[in-house]
Amino acid sequence: MSFTRRQILAGLSGLAVVGLGVGGGARYWLGRKEAPSGHDYELIAAPLDLELVPGHQTPAWAFGGAAPGMELRARQGEWLRVRFINKLAVPTTIHWHGIRLPLEMDGVPYVSQLPVLPGEHFDYRFRVPDAGSYWYHPHVNSSEQLGRGLVGPLIVEEREPTGFAHERTLSLKNWHVDEQGGFLPFSVPREAARNGTLGRLSTINGEANPILDLPAGQIVRLRLLNLDNTATYRLNLKGLGEARIYALDGNPVEPRPLGEDYWLGPGMRICLALRVPAAGEEIALRDGPVRLGTLRAVPAEGATVGWPAALPANPVAEPDLANAEKLNFNFEWVGTTPAAGETAAPSLWQINGVAWDINDKTCADRPIARLKQGKSYIFELKNMTQYQHPVHLHGMSFKVIASNRRKIIPYFTDTFLLGRNERAQVALVADNPGTWMFHCHVIDHMETGLMAAIEVA
Ligand SMILES: [Cu+2]
């Protein structure tokens with residue numbers, strides 16, 4: 001099977017940038033101070049046929065006429081106002097992964113809002129407190145909705161210009177399609193009981209094995225986002241050129257070399273600075289030994305510059321470790337392997353002995369932990385399974401402080417890839433009131449039990 005460039009064959013082109021937009025809409029906030037009414041983006045979810053496999057159509061679902069969805073941008077500290085219009089035949093929502101926002105904007109059905117029904121719209125309006133690379137996706141029937149393409153990048157720019165003159169967003173997604181472009185099952189119980197159900201066609205920005213041109217001799221900010229349901233990418237670069245890590249999952253880190261294989265689990269992001277080699281050189285962006293795409297250096301104007309300074313820290317509260325309360329969270333496998341052909345969503349995983357039932361609208365009424373607002377906590381995350389779980393918390397960022405399996409340089413994140421049998425400690429200040437989802441971002445682990453609610457009041 002050979003895949004070439006994606007072509008959009010049909011479908012609704014769904015997005016309009018309104019209001020103050022100039023030059024493609026990326027600078028729509030110019031001149032606006034605080035205006036919670038109206039909207040900056042009109043974002044439509046609608047069916048869209050894609051040519052992921054040459055000569056065949058894939059009946060995808062798209063945000064803003066593209067899958068992955070169109071890139072939304074905002075500036076740190078300002079409002080992001082999105083009028084979301086559902087032109088799908090099914091109910092849905094939008095969750096803003098990694099954004100610290102009020103509960104009613106969080107996009108979780110029956111917890112923060114009712115599902116947005118076909119033909120309805122919903123206005124999402126919130127301030128974006130942190131700069132970095134984030135993303136958006138539904139929180140309804142997630143295996144299918146994310147699987148069909150409802151995922152998109154959300155970039156929050158720093159308040160002040162950084163030292164980067166060039167940047168690219170690379171959204172990684174592995175599609176569940178066969179050789180005719182038809183969708184394969186997004187979740188198969190016997191796979192959900194193991195690593196999760198993998199897709200078969202790896203893409204960057206919707207294209208299999210693309211060639212991406214970068215300016216020779218320049219330093220480029222590469223925002224790599226894992227928007228996949230299941231796959232953990234073991235990212236590495238092969239070729240000339242030097243890469244340094246500048247941010248993990250939206251939060252700046254002290255710049256350091258990329259090194260070998262960075263494990264980027266579902267929902268996670270990494271921001272690299274890449275010194276692009278001389279024109280004509282190529283760098284392979286790889287998942288382990290497998291090439292995902294090619295970065296090609298092309299002649300460029302402009303003098304070469306040095307490495308940018310570290311990005312400014314986000315205003316995330318520092319947990320008080322000396323006085324923090326410790327809470328244990330055990331991630332367990334229930335221990336039944338579904339028979340081949342079994343179709344109902346089985347209960348396969350648990351957190352602290354409780355499996356989330358994706359069909360029960362009242363699960364969030366029974367939070368597995370109740371945190372006191374303003375207090376610091378240390379979560380002891382214990383993976384009692386043979387599979388890794390990207391553990392994600394809504395509403396708040398947490399600081400990874402320790403692991404029994406690897407050396408940790410403490411950093412803030414919203415998603416931590418908890419390795420098999422790993423024990424890790426993360427800490428946070430419970431500073432955002434609400435009922436927040438706490439779940440594995442392997443979507444079919446989440447839908448077969450590995451989700452819980454944590455209350456902050
Ligand atoms: Cu998992």
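This is a short tour of a predicted model, from the whole chain to a copper site and then a hairpin.

**Whole chain.** Start with the protein chain in cartoon view. Its secondary structure comes to 3 helices and 32 strands. Colour by burial next: of the 457 residues, 57% are buried. The accessible surface is about 17900 Å², and carbon and sulfur atoms account for 50% of it. Now consider contacts between residues at least 6 apart in sequence: 75% of them join residues at least 24 apart.

**Copper site.** Select the copper ion. Which protein atoms are its donors? They are ND1 of His-389, SG of Cys-440 and ND1 of His-445, lying 2.0 to 2.1 Å from the ion. Along the sequence, the donor residues follow the spacing H-x50-C-x4-H. Show strands E26 (residues 389-393) and E31 (residues 434-440): His-389 lies in E26 and Cys-440 in E31, so this pair ties together parts that are 51 residues apart in sequence. Check burial here too. His-389 counts as buried because its relative accessibility is 0%, under the 20% cut-off. Cys-440 is also buried, with a relative accessible area of 0%.

**Hairpin of E3 and E4.** Move to strand E3, residues 41-51, and strand E4, residues 58-63. The two strands pair in the antiparallel sense, over 6 bridges. Pick Asp-49 and look across: its bridge partner in E4 is Pro-59. Then select the 6 residues between the strands, where Gly-55 takes a positive phi near 85°. Is E4 mostly covered or exposed? Mostly covered: 5 of its 6 residues are buried.

Definitions and conventions
Residues are numbered from 1 along each chain as its sequence is written. This is a predicted model: local features need pLDDT of at least 70, side-chain atom pairs count only at pLDDT 80 or more; totals for chains, interfaces and linings use all residues. Side-chain values use heavy atoms; hydrogens and water are left out. Buried means under 20% relative accessible area, exposed over 50%, partly exposed in between (1.4 Å probe, protein chains only). Helices (H or I, at least four residues) and strands (E, at least two) are DSSP runs, numbered from the N terminus. Two strands pair if DSSP finds at least two bridges between them. Donors are N, O and S atoms within 2.8 Å of the metal (3.2 Å for Na, K and Ca); water is not among the atoms, so sites may look incomplete. Contact means heavy atoms within 4.5 Å. Accessible areas come from the Shrake-Rupley method with a 1.4 Å probe; for residues, only the protein chains shown count as cover.
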